[in-house]
Amino acid sequence: MKKRQVVVRKRTEATTSDSTSSRPLSRVRYGECQKNHAAGIGGYAVDGCREFMASGGEGNDDALTCAACGCHRNFHRREVDAEVVCEYDSPL
């Protein structure tokens, strides 16, 4: 019986569930800002920020604030690039 390794790459919006036989490797990127700046007056308006850029270094409070629009990172669309590596034994 040969042991094979399979790599499955998929791009998802949500995180994938972990299984015991696979090792998920993921990279998170934050896209355009989705904050509604006109919610207080009953409208809908976004500022047009295309990508999250951290104001400070990692581990700093400014790392969660966007340098372009001043919003928190949670207002930006989250994109997860996930790679799941599974090992299995061939039945042949």
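Student: Is Glu32 buried, exposed or partly exposed, and at what relative accessibility?
Tutor: Keep in mind that this is a predicted model. Partly exposed covers the range between under 20% and over 50%. Glu32 falls in that range, so it counts as partly exposed, and its relative accessibility is 23%.

Student: Which side chain meets that of Glu32 in a salt bridge?
Tutor: Start with the general idea. Side chains of opposite charge can pair when their charged atoms come close. For Glu32 in strand β2, the pairing reaches a distant part of the chain, 45 residues apart, in strand β3. With 2.8 Å from N to O, the partner is Arg77.

Student: What other residue forms a salt bridge with Arg77, with the closest N and O atoms 2.6 Å apart?
Tutor: Arg77 itself is partly exposed, at a relative accessible area of 23%. The residue you want counts as buried, at 7% relative accessibility. Its name is Glu79.

Student: Which residues do salt bridges that share partners join into one network?
Tutor: You've already met some members, since Arg77 bridges to Glu32 and also to Glu79. Shared partners bring in others too, including Arg29. The full network is Arg29, Glu32, Glu51, Arg77 and Glu79.

Student: Where do Arg27 and Asp81 lie, and how many residues apart are they in sequence?
Tutor: Their side chains meet in a salt bridge, at 3.3 Å from N to O. Arg27 sits in strand β2 (residues 22-33) and Asp81 in strand β3 (residues 76-89), so the bridge ties together parts of the chain whose separation in sequence is 54 residues.

Student: Is Arg27 buried or exposed?
Tutor: Its partner Asp81 is partly exposed, with a relative accessible area of 26%. Exposed needs over 50%. Arg27 has 57% relative accessibility, so it counts as exposed.

Student: How many disulfides does a search of the whole structure find?
Tutor: A disulfide is a covalent bond between the sulfur atoms of two cysteines. The cut-off here is 2.5 Å between sulfurs. Cys49 has its nearest cysteine sulfur, that of Cys66, 3.8 Å away, and the sulfur of Cys69 is 3.7 Å from that of Cys71, too far for a bond. Across the whole structure, the search comes up with zero.

Student: Is Cys49 buried or exposed?
Tutor: For contrast, Cys69 counts as partly exposed, at 22% relative accessibility. Buried means under 20%. Cys49 has a relative accessible area of 9%, so it is buried.

Student: Which residues make up the largest nonpolar core?
Tutor: Here's a handy rule to begin with. In soluble globular proteins, nonpolar side chains tend to be buried together. Cys49 is buried, and so are Tyr30 and Phe52. The core has six residues in all: Tyr30, Cys33, Cys49, Phe52, Cys66 and Cys71.

Student: What aromatic pair do we get, and what is the angle between the planes?
Tutor: A search of the whole structure finds one aromatic pair. It is formed by Tyr30 and Phe52, with 6.0 Å centre to centre. Tyr30 is in strand β2 and Phe52 in the loop between β2 and β3, 22 residues apart. The pair is edge-to-face, and the angle between the planes is 65°.

Student: Which residue lies over the face of Phe75?
Tutor: For a charge to sit over a ring, it has to be within 6 Å of the ring centre. This one is at 5.2 Å from the centre of the Phe75 ring, and it belongs to Lys35.

Technical notes:
Residues numbered from 1 in each chain as written. Predicted model: local features only at pLDDT ≥ 70, side-chain atom pairs only at ≥ 80, totals over all residues. Heavy atoms only, no water. Buried < 20%, exposed > 50% of the residue type's maximum accessible area, 1.4 Å probe, protein only. Core = buried A, V, L, I, M, F, W, Y, C linked by side-chain atoms within 4.5 Å. Salt bridge = Lys/Arg side-chain N within 4 Å of Asp/Glu carboxyl O. Helix = DSSP H or I, 4+ residues; strand = E, 2+ residues; numbered from the N terminus. Phe/Tyr/Trp six-rings, centres within 6.5 Å; stacked < 30°, edge-to-face > 60°. Lys NZ or Arg CZ within 6 Å of the ring centre and 35° of its normal.
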